[in-house]
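Reader: I would like to learn how to read a model like this one, going from a single pairing up to the whole chain. Where should we begin?

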Amino acid sequence: MRKQCVGIMGGTFDPIHLGHLLTAEAVRDALGLDEILFVPAAVPPHKQGKDIVLPEHRLRMAVLATAANPHFRVSDIELHRQGPSYTVDTMDALKAQRGEQSEFYFITGADAINELATWHDVRELLQKCHFIAATRQGTALAREELYRQFGELAREHIHEVMTPELEISSTEIRQRVRKGASIRYMVPDAVADYIYKEGLYL
Ligand code: ATP
Ligand code: MG
């Protein structure tokens, strides 16, 4: 049986926005992935508050934002785990959930992948999944450096996909909500409605 190819989009998603969705869809389409799993990250309790809203809200907004795409799903796997969520632990937990039939592609910015050497248990992680550098103009993937650091493993497991760039960040959305500016076309309508209904980011 052909393996299911699953892209993983991790993030705080506070809130999820069209930049996240467009990147995920562009990577899914370019690589022919079967599914994209959005995995909202747990945030230490001391960091929650005005800015980082409760996990339940971040999770619900992600569900609303992805509902219309049959290839998109949301996982609460990091929200239910105690302590820091290292990507390697998340991969193990997903593998345990999905069995060996799934192949995972961890999607992140080229800038984050260039810093891979600083990640927790990175060699183990590189063996467990593929990395997709969603390259935006301006940040190139430091291929030679990665090959020098990780050799064959990097050649086989680090890939690059050019994605369109949307100048949107969750930080900007939170600031705009606070000052009463429009966030229309930056987040899906259902997410904007949810933010206003729940009074988030005020
Ligand atoms: P914040 O402003 O709070 O840092 P953010 O907009 O950067 O939020 P995150 O939840 O931190 O969003 O990002 C999750 C993932 O999405 C990261 O891999 C990040 O690089 C990527 N990402 C963030 N904004 C965009 C965007 N506009 N286009 C494409 N990818 C993005
Ligand atoms: Mg960010």
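Reader: Which residue of β5 is the bridge partner of Gly-109?

Author: In this predicted model, Gly-109 is bridged to Ala-134 of β5.

Reader: How many bridges join β4 to β5, and do the strands run parallel or antiparallel?

Author: One pair of residues is a start; then look for the other bridges between the strands. Here β4, residues 102–109, and β5, residues 130–135, are joined by five bridges and run parallel.

Reader: What is the order of the strands in the sheet?

Author: The sheet is open and has six strands, with parallel pairing, in the order β3-β2-β1-β4-β5-β6. At the edges stand β3 (72–74) and β6 (158–162); each has a single partner strand, so one side of each lacks a neighbour in the sheet. On average, neighbouring strands are turned by 30° against each other, with direction ignored.

Reader: Which strands does helix α1 lie across?

Author: Helix α1, residues 18–31, lies across β1 (4–11), β2 (35–40), β3, β4, β5 and β6. Its direction is at about 150° to that of β2.

Reader: Now a single side chain. Is His-130 buried or exposed?

Author: Begin with the element, then the accessible area. His-130 belongs to strand β5. Its relative accessible area is 10%, which is under the 20% cut-off, so His-130 counts as buried.

Reader: With which side chain does the side chain of His-130 make a polar contact?

Author: The partner is the side chain of Glu-103, at 3.2 Å. Setting aside neighbours within four places in sequence, His-130 is in contact with Glu-103, Phe-104, Tyr-105, Phe-106, Glu-156, His-157 and His-159.

Reader: How many helices and strands are there in the protein chain?

Author: The chain has nine helices and six strands. Its radius of gyration is 17 Å, close to the 17 Å given by the globule rule for 202 residues, so the chain is as compact as a globular protein of that length. The C-alpha atoms fill a box of roughly 50 × 35 × 35 Å along the principal axes.

Reader: What share of the residues count as buried?

Author: Of the 202 residues, 46% count as buried. The accessible surface of the chain is about 10400 Å², and carbon and sulfur atoms hold 50% of that surface.

Reader: What share of the contacts with a separation of 6 or more comes from residues 24 or more positions apart?

Author: For the protein chain, that share is 74%.

Notes:
Residues numbered from 1 in each chain as written. Chains lettered and ligands numbered in written order. Predicted model: local features only at pLDDT ≥ 70, side-chain atom pairs only at ≥ 80, totals over all residues. Heavy atoms only, no water. Pairing = 2+ DSSP bridges. Helix = DSSP H or I, 4+ residues; strand = E, 2+ residues; numbered from the N terminus. Axes fitted to C-alpha atoms, helices over the stretch in contact; angles between N-to-C directions. Contact = heavy atoms within 4.5 Å. Rg over C-alpha atoms; globule rule 2.2 N^0.38 Å. Buried < 20%, exposed > 50% of the residue type's maximum accessible area, 1.4 Å probe, protein only. Areas by Shrake-Rupley, 256 points an atom, 1.4 Å probe, with all protein chains shown as cover. Polar contact = N/O pair within 3.5 Å; in protein donor to acceptor, adjacent residues only side chain to side chain.
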